[in-house]
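Please open the structure in your viewer and keep the selection tool at hand, since this tour moves from one group of side chains to the next.

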Amino acid sequence: MPRDIPPLAEVRRITEKKRDAWWTVMLVDPVATPLVRWTARHTRATPNQLTWGAFLVGLGSAACFAQGDWRWLLLGAVLYHVSFIFDCMDGKLARLTGTGSVFGAWLDFVFDRIRVLVCSVALMGGQYARTDEVLYLWLALAVASLDSLRYIDSLEIFKIRHGMRKQIKARMRAARKAENQAELAFMEDLLRENPEADLETDRDTVAPLEPVAPLEPVVPLDATAAPVSAAAPAARRPAVVDLHQEFRRRFPWWVRCRNFLQRHRIRAHLISGIEFQMGVFIIGPAVDAVVAATVVSGALLLVFELAIIYKLLLSTRDFTRTIDSFETADRIPATTSANS
């Protein structure tokens, strides 16, 4: 008997990410989401079983790549895309049915990395056996290294950003405890929750958090703003911390592009690990241009990774200014007391 699963529109709302890779949004979700709904209604499949399915289909793709011939490459490209669809379905099924697990997330990540490694060796090894060109062996090493670099860099950047946010929240909690200041919100979270908003031109388009009771003076977190005097009315909206303020100021054109992409559920990181894999394992084999597709995909991945690192550098400067604003706010009461 079919399980009680909501309509497709509701399934999309539950399972699809608010921001995702353009390859996923345009070429995977239109297939994966209806399949997840059907799977949830008519089968007892678990997310881990779909993870295993994606991994096994990926190994089938590698077996095709190893043959070297273009017809096998084309079949391998199709299987790799099918594998990626299954790989996206496991997370969607977990969100839809509430059957996700920490171990399942680990298994998904590890299988993804193994799949990339095996397919890299198979694809480039097959081409090396066919042409005897050593270049393919170097490309296999490059693909595996770039994939690892992308995910290691992503993890480290996440840890740094999490640490910065944690420190700011700790300082805000201390200030709120002392003076009952307004709640804290991060602009990137407001953007994520309100993709239609354009915070750079109109912050009022973003729905505020629950208002807090007004009390004593509120010290702004923007280091460029002057401290609010004790006589000023207390704000009821949350204090917004923008850790990408300098990046937005330097590249306003990118902000407009980002806003457009987010309205279509596409994240601004256009060439990430997903697009890199698709270029190497789908586009290259499908058009029989493995070298060109790998080189172009790798170069674009490096460009976007360097852009993200530069954005992180600017973000750390915003973080320093924000922390300094707390230090300035802490000195204001002491100065006032000394002059009284």
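**Aromatic pairs and a nonpolar patch**

In this predicted model, a search of the whole structure finds 12 aromatic pairs. Begin by selecting W52 and F111, whose ring centres are 4.8 Å apart and whose planes stand at 75 degrees, so the pair is edge-to-face. This pair links distant parts of the chain, because W52 belongs to helix α3 while F111 belongs to helix α5, 59 residues apart. Are the two residues buried or exposed? F111, at 9% relative accessibility, counts as buried, whereas W52, with a relative accessible area of 43%, is partly exposed.

Keep W52 selected and add L56, L59, I114 and V118, which together with W52 form a nonpolar patch on the surface with about 410 Å² of accessible area. Helix α3 (47–65) and helix α5 (102–131) each supply at least two residues of this patch, and α3 gives the most, with three. I114, which is placed in helix α5, counts as partly exposed at 33% relative accessibility.

Next, select R113, which lies over the face of Y151 at 3.8 Å from the ring centre, and then R115, which lies over the face of Y80 at 5.2 Å from the ring centre.

Finally, select F247, F251, W253, W254 and Y310, which form one aromatic cluster. Within this selection, look at Y310, which counts as partly exposed at 29% relative accessibility, and at F251, which is also partly exposed, with a relative accessible area of 23%.

Definitions and conventions. Residues numbered from 1 in each chain as written. Predicted model: local features only at pLDDT ≥ 70, side-chain atom pairs only at ≥ 80, totals over all residues. Heavy atoms only, no water. Patch = residues over 30% accessible without salt bridge, like charges linked within 9 Å, V, L, I, M, F, W, Y side chains within 5 Å. Areas by Shrake-Rupley, 256 points an atom, 1.4 Å probe, with all protein chains shown as cover. Salt bridge = Lys/Arg side-chain N within 4 Å of Asp/Glu carboxyl O. Helix = DSSP H or I, 4+ residues; strand = E, 2+ residues; numbered from the N terminus. Buried < 20%, exposed > 50% of the residue type's maximum accessible area, 1.4 Å probe, protein only. Phe/Tyr/Trp six-rings, centres within 6.5 Å; stacked < 30°, edge-to-face > 60°. Lys NZ or Arg CZ within 6 Å of the ring centre and 35° of its normal.
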